Amino acid sequence: MTLQTIPITVPPVAYYAISPLLVVLGAACLGVLVEAFLPRHQRWAAQVTLTLLTLVVAGALLGAYASSGAPAATTLSGSLSVDRPTLFMWGTLLAFGLVGVLLIADRSVEPGGAFITDAEGVASGTHAEGVASGTDAGRAAGAASAGGISRAASRVGAGSATSGTSRAGVAVAAPPAGPIPAGTPRNRATAGRAGMRTEVLPLTLFALGGMMSFCAANDLLTMFVALEVLSLPLYLLCGLARRRRLLSQEAAVKYFLLGAFASAFFLYGLALLYGYAGSVKLADISSAAAASQRSDTLLFAGLALLVVGLLFKGSVAPFHTWTPDVYQGAPTSVTAFMAAATKVAAFGAILRVLTIGFGSTRWEWRGVLWAVAIVSMVIGAVIGLTQTDIKRMLAYSSVAHAGFLLVGAIAITQRGLSGTMFYLLTYGFSTIAAFGVVSLVRDADGEATQLSQWAGLAKRSPLVAGVMTFLLLSLAGIPLTSGFTGKFAIFSAAIADGMAPLVVVALIASAVAAFFYLRVIVLMYFSEPSVEGPTVSVPGAFTTAAVTVGVLITLLLGVAPTMALSWAGAGPFVG
Amino acid sequence: MTPTYYLLLSALLFSIGTVGVLVRRNAIVVFMCIELMLNAVNLSLVTFARVNGGLDGQVMAFFVMVVAAAEVVVGLAIIMSIFRARRSSSVDDANLLKY
Amino acid sequence: MSTAALAQAATDNGGPVGLSEAIAFWILGPMALAGALGMVFARNAVHSALWLALAMLNLGALYMAQQAPFLGFVQIIVYTGAVMMLFLFVLMLVGRDSSDSVVEAIKGQRLAAAVLGIGFVALMVGSLARALFSVTPIGLGAANGVPSGNVAALGRLLFTQYLFPFELTSALLITAALGAMLMTFPHTRTTAKSGQRATVEARLRGARVSPLPGPGVFATANSVATPALLPDGSVAPESLSEIIETVPPSAPAPLAPVDAHALVGADHAKSDRISSGEEAQP
């Protein structure tokens, strides 16, 4: 066969338009190189500088592009659509990324930083603590010690007890390298000494890049790849908490398995829609829906499966089961970033898919999403009432908020779009700051997340209690906070689109949800602090900055929302 | 015979994978069931490519394989790390987190 | 089933499925199905993995039958060859003997899952059959292109139409590599490496200066598996090896309790001790 060369025409790339995305992804790769070549003691400073600089530069490029008034366009063969909603969501994501990175990089609240892997605990424990560790490791290994003569504690090194259980043979080659059971006193001791894994910062940037591609993706395949790009780093980040290792690892496994399960559904939906329309571009699906000779069953089966995958990422109610577990188990700074930024990405994609791809068929599917929104609001509000852990409570609050967001998203009007995006902005800043405050209330075992431990916090630290109260009021939607303006924007858009019954349900649900926020406030102000209750640690500059920014923007958007609302409503999706 | 039989086979495999995810306990086996689901989707994509007369479906199946490979690496790393901590890969033993 | 025959079948240009392909389908399809069922029902995780590998091999052959030769080979090489072997490796490392218990953790979970699965199958099969049974495939003869072929046509699409997702997968692969190292590769040394002097000082200040004892003078064998015996016949605990199962000493010599430092037999020990004692205390 003769080799025939047919020239390939490179698709045009609007570099300026997608420059924020390129900067973020490029800096993530650079971060990996930093990790590879810099000595360990320089890495933290280098990574933090690089990451923060990246976010600022990307934000500046985004601002310059947005203010240049360039028309909305699709680029890279229509894979990415850089329109006004995309720019707004990119800005939101970069802001959340900045605040989230400040929390993640903080080393003052948790000495040495909040991230560690198991393997690290093993290595650092082998040098000096051999004798002390013998008993712990022996307990973990049970009766598995070598030989019948038990003397695990009498000899230097934990190897004798642990090598019995480790079938890998690694333990024999490097005797004291057995696993350390998480949560034992020894685990805590080593956790206190090992440094922070700075790989988390490039991973955060990758996740952020994935999120930015996800909400700009104009065809389903790009959306799928972006979904994985944003998910994989988050799965990893969830499993790296320094304290409560087992809880953290469990959260990672659960999030991973359920996330992969959901993305398989997304993918099957993609395949069916491809079969229906012959293309996965959202605009093509829309035009095929108007004039395809294929049966519509394929279209709606595809949409249903697709939406399952998307709603999972947005933690909307029937698909929310991972949310409380992961929010509780993950390191609090990661939870903060994830809660805010993943919601933006997921709802950005939901809005785009529903508006561009399925806007013309909305009367057929809207009933189902009505039901889903109601279920989400009710489950979030009611089960949230029964929670005793503040991180789980905030997780159920996120489920309820996902229901509110869905109310705005299914309006498929310009007001619904801008209201939903504005709500994402307000919810995100309140949530990041709230998790930031949660990370400050600590006792000897790390964060004190039990609600009972928060009793009387106002007497110990009036400032932190005041800040938390303000944020919880915002989440509840009390006037003068951003939560109120956000809810107002969404509900008025929904009523304008004739969804008054849904808005009534939403109002009832937000009243119920307000109850559990108020419960925390009452607990903080009107009960006596216990003697060995948690203390409020004094945050370093990073956490202080993150919480301050969150609180200020929550206040600002509550008092003067006009500017952000006009940005959010600057233009429609372009497919 | 029409290519629809391929699609039916794909739907069957996808459902078997789904049921497997729901009934199996070993995290690695659950993960293998998810891999089966992705493979079923690939069969659908390849068949639809032929039905529609365009190669897009095949390209997408190719992407799915890349994504699945990356997912396998991350997933197995996570499962390994939890296994080393508690010496079990059953999803039922991992039950500290309950609502 | 030779791939050549499949490739032959793959050259057709749309229309209904040919006879050779139909035969291939009815052989490979049931085998793939059997692999899938075997994976779900096998109790042992390793058996599950092997069943899944069977299903994947058959799927790869089915891709070839469907005018996707490149994907078929990638399926066999990458999926069956690399991914499934990775699964097997990890299974062998961590959970080889972990078979599932038959006890239901959540009551009625299996029944619910089965009902759900059958319902899903009925729904999908019904809708697909209704939607597509009358469809005639267009076929890929034109798309696969006579001069360039399947691989080149795929490559062309990859670098034009799907350029962005293709570039984005690089982020995915970097994440995967970084994540695997993060989760499994330790920060090898968090403290400075200690030098020779420090090692010596640590040893001299430590509990034991000398090396650990080998099998003692009174041991019945000099195997490393035999513990050293102290002169009074008891086992010297420090001589036990950590990695070798220790054989308890066979029939320790019945010795009367004597002075451990004495270098002579039991008979002389008494007089020796008396004389030395007398000498020491004049």
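How many salt bridges does the rule count over all chains? The count comes to 11, and keep in mind that this is a predicted model. A handful of those pairs are worth a visit, and so are the contact between chain B and chain C and a couple of buried residues in chain C. Here's a quick tour, starting with chain A.

**Chain A at a glance**
- Chain A has 24 helices and 5 strands.
- Of its 575 residues, 64% are buried.
- If you take the contacts in chain A with a separation of 6 or more, 82% of them come from residues 24 or more positions apart.
- About 18500 Å² of chain A is exposed, with carbon and sulfur atoms supplying 70% of that area.

**Salt bridges inside chain A**
- A:Asp497 pairs up with A:Arg366 in a salt bridge, and their closest N and O atoms are 2.6 Å apart.
- A:Asp497 sits in the loop between α21 (482-496) and α22 (500-525), while A:Arg366 belongs to helix α16 (residues 362-385), so this pair ties together parts of chain A that are 131 residues apart in sequence.
- Why does A:Asp497 count as buried? Its relative accessibility is 19%, and the cut-off for buried is under 20%.
- Its partner A:Arg366 is also counted as buried, at 6% relative accessibility.
- A:Glu35 and A:Arg43 make another salt bridge, with 2.9 Å between the closest N and O atoms.
- A:Glu35 is buried at a relative accessible area of 7%, and A:Arg43 counts as buried at 11%.
- A:Arg442 and A:Glu447 form a salt bridge too, this time with the closest N and O atoms 4.0 Å apart; both residues are buried.
- Salt bridges also link A:Lys254, A:Asp325 and A:Arg392 into a network.

**Where chain B meets chain C**
- On the chain B side, 68 residues take part in the contact, and on the chain C side, 84 residues do.
- Together the two chains bury about 7000 Å², and 76% of that is on carbon and sulfur atoms.
- How many salt bridges does the rule find across the interface of chain B and chain C? There is 1, and it brings together the side chains of B:Arg50 and C:Glu21 at 2.7 Å, N to O.
- The rule also finds 14 residue pairs in polar contact across this interface, with both residues at pLDDT 80 or more.
- On the side of chain B that touches chain C, α1 (4-23), α2 (27-52) and α3 (56-86) of chain B each provide at least two residues.
- The largest share of that side comes from α3(B), which brings 23 residues.
- Sorted by class, the side of chain B that touches chain C holds 47 nonpolar, 14 polar and 7 charged residues.

**Two buried residues in chain C**
- C:Thr175 belongs to helix α8 (residues 163-184) of chain C, and it is buried, with just 1% relative accessible area.
- Which residues does C:Thr175 touch, leaving aside those up to four places away in sequence? They are A:Leu203, A:Phe206, A:Leu232, A:Pro233 and A:Leu236.
- C:Pro227 is in the loop between α9 (196-205) and α10 (266-280) of chain C.
- Is C:Pro227 buried or exposed? C:Pro227 is buried, with a relative accessible area of 1%.
- From C:Pro227 to C:Pro237 is 10 residues in sequence and 7.6 Å in space, C-alpha to C-alpha.

Conventions:
Residues numbered from 1 in each chain as written. Chains lettered and ligands numbered in written order. Heavy atoms only, no water. Contact = heavy atoms within 4.5 Å. Buried area = accessible area lost by both parts, 1.4 Å probe. Polar contact = N/O pair within 3.5 Å; in protein donor to acceptor, adjacent residues only side chain to side chain. Helix = DSSP H or I, 4+ residues; strand = E, 2+ residues; numbered from the N terminus. Nonpolar A, V, L, I, M, F, W, Y, C, P; charged D, E, K, R; others polar. Buried < 20%, exposed > 50% of the residue type's maximum accessible area, 1.4 Å probe, protein only. Areas by Shrake-Rupley, 256 points an atom, 1.4 Å probe, with all protein chains shown as cover.
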